[in-house]
Amino acid sequence: MKKRTLALALAFGCVFMSPALSYAEENADIEAVSDTEEDSSTDEENSNSWEKVAVVDDFGDATGESIISTVVSGTFSNTATTGSDLLVVAYIDFNESDYYYDLIFKLLEYNDTPATYLSSDSKELKIKVGSINRVYEYDLLGQEPNGYVYAGDSSGEDIVKYLYEGNDIRCVLRLGSSKYSFALEAGNIAELIDEGGYGAPLDEKGRQERKSKHELEEEQERSRKKQEAEIAQAEEVIKSKDDFIAAYVNHTDADNDYESGFYYVKAHADEFETLTEEELSSIFPCRFRYYTVNGAIGGTAGAGELYEYDADGNTKLLGRFGTDDSYRTREEINPNWPEINGSWRIEDGKLIRTITSGNQEKQYIVKSLDRDGYYLLCFESATGEVNAVMMIVLYDENNMPLYEFTEN
């Protein structure tokens, strides 16, 4: 049996579209055209087939998005008429904002006149599910005065789930004093939903798990894009290890962004050679000044603390440098600060720092900066990612760099 060609151009109001129709731009149109020919079959003979609906913009151009739609016949009654002709356009869309399937209805009284209603009118839907033969009731949402009403969030997905599982549904929809009766057949809806790629409609527990999964994926994607942008910005400023060292040791920011040095190392960690245990043992113990590599966690270019530790690994705080590179001893800053606060040791090729006051132990991989006396202290994450957190510069007994830094 041939089916009629359905050509519908239905304008959405932008206010109603925003919460329910995530697939369309403001004032977008939806046009559905079936692939079969037109004949003189009556509405009662129409096959209740679901089909993909192209979303078009104000100019009639396809946006590349689509939803699922069907058109069915029914009847409506109100204070002025009883059992009059009704055409219902039903849409199913996956709402990517809330991760639910929405079910939307356009009610056309006398087959061509959009139903209207007031904000004070009740909006309710009762359905009887085929083989289950049970009645379920749902409150509907909408934006007066047009004929669009919808079951959103869990309500919409519950109904879509019944259809997806092969159940035909009889519907009684009430807008104020008007009653609309029609039926939705399962038809080929499961096939089209599967093609959409969002997965089968789920129960409440499944919906919550799906939402959590999508939100986690989106957060990971946002983090990835942010990191890529930060690294790209960094590499516009710091293009080499020499630039990186200059930014943290030479304290000139005319051409360098101190904070971006962290992202430079993050992107080029494999270019920095890891010191062996033998090399570590030849350098430490020592007197050194450290600079926090990532400005975002409190480090300031030009600032840093000067430490030394003895052959037993005891760490002694000597003093602190200010942002203007001025130096004050520990006693000048606060004579009550502990002179010794923890220790360092070399173990399994790593430099391990024990902090007495915080009862902490931190392990560092030490990277060479290809300049005598300049090293990176790096953390290694559980995933194997190496991030620099501190740069140290060896100092002599006169509190001067053991090896003077000169730019190439």
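1. In this predicted model, I365 stands opposite C378, a residue of strand β21. Strand β20, which covers residues 360–368, and β21 run antiparallel and are joined by 4 bridges. The two strands form a hairpin with 5 residues between them. Within that turn, D370 has a positive phi of about 60 degrees.

2. Strand β21 spans residues 374–380 and is mostly covered, as 5 of its 7 residues are buried. On to strand β22 (residues 386–394), β21 is joined by 7 bridges, and this pair also runs antiparallel. Y374 has V393 in β22 as its bridge partner. The hairpin of β21 and β22 again places 5 residues between the strands, and here G384 takes a positive phi near 90 degrees. Strand β21 is therefore a useful place to begin reading this part of the chain, being paired with β20 and with β22. As a general point, the side chains of a regular strand alternate between the two faces of the sheet.

3. A lysine in another strand deserves separate attention. K106 is located in strand β6, which runs over residues 100–109. Is this lysine, K106, buried or exposed? K106 counts as buried because its relative accessibility is 7%, and the cut-off for buried is under 20%. K106 and N146 are 40 residues apart in sequence, while their C-alpha atoms are 8.6 Å apart in space.

4. The next topic is charge pairing. Side chains of opposite charge can pair when their charged atoms come close. The count for this model comes to 18 salt bridges. One of them joins the side chains of K126 and E137, with an N to O distance of 3.9 Å. This pair links distant parts of the chain, 11 residues apart: K126 belongs to strand β8 (residues 123–129) and E137 to strand β9 (residues 134–139). K126 is partly exposed at 39% relative accessibility, whereas E137 is exposed, with a relative accessible area of 57%.

5. A salt bridge within a helix is formed by E217 and K213, whose closest N and O atoms are 2.7 Å apart. Both residues lie in helix α4, residues 204–237. Their separation of 4 residues is about one turn of the helix. E217 counts as partly exposed, its relative accessibility being 37%.

6. R345 and E347 form a further salt bridge, with 3.1 Å between the closest N and O atoms. R345 has a relative accessible area of 32% and is partly exposed; E347, at 36%, also counts as partly exposed. Elsewhere, E221, R224, K225 and E228 are joined into one network by salt bridges that share partners.

7. Which residues gather in a patch of negative charge on the surface? The patch consists of E65, E96, E215 and E218. Of these, E65 is found in strand β4, which covers residues 62–77. E65 is partly exposed because its relative accessible area is 38%, a value that falls between the limits of 20% for buried and 50% for exposed.

Note on methods
Residues are numbered from 1 along each chain as its sequence is written. This is a predicted model: local features need pLDDT of at least 70, side-chain atom pairs count only at pLDDT 80 or more; totals for chains, interfaces and linings use all residues. Side-chain values use heavy atoms; hydrogens and water are left out. Buried means under 20% relative accessible area, exposed over 50%, partly exposed in between (1.4 Å probe, protein chains only). Two strands pair if DSSP finds at least two bridges between them. Patches are made of residues with over 30% relative accessible area and no salt bridge: like charges are joined within 9 Å, nonpolar side chains (Val, Leu, Ile, Met, Phe, Trp, Tyr) within 5 Å. Accessible areas come from the Shrake-Rupley method with a 1.4 Å probe; for residues, only the protein chains shown count as cover. A salt bridge is a side-chain nitrogen of Lys or Arg within 4 Å of a carboxyl oxygen of Asp or Glu. Lys and Arg count as positive and Asp and Glu as negative; His and the chain ends are not counted. The place of a charge is taken as NZ of Lys, CZ of Arg, CG of Asp or CD of Glu.
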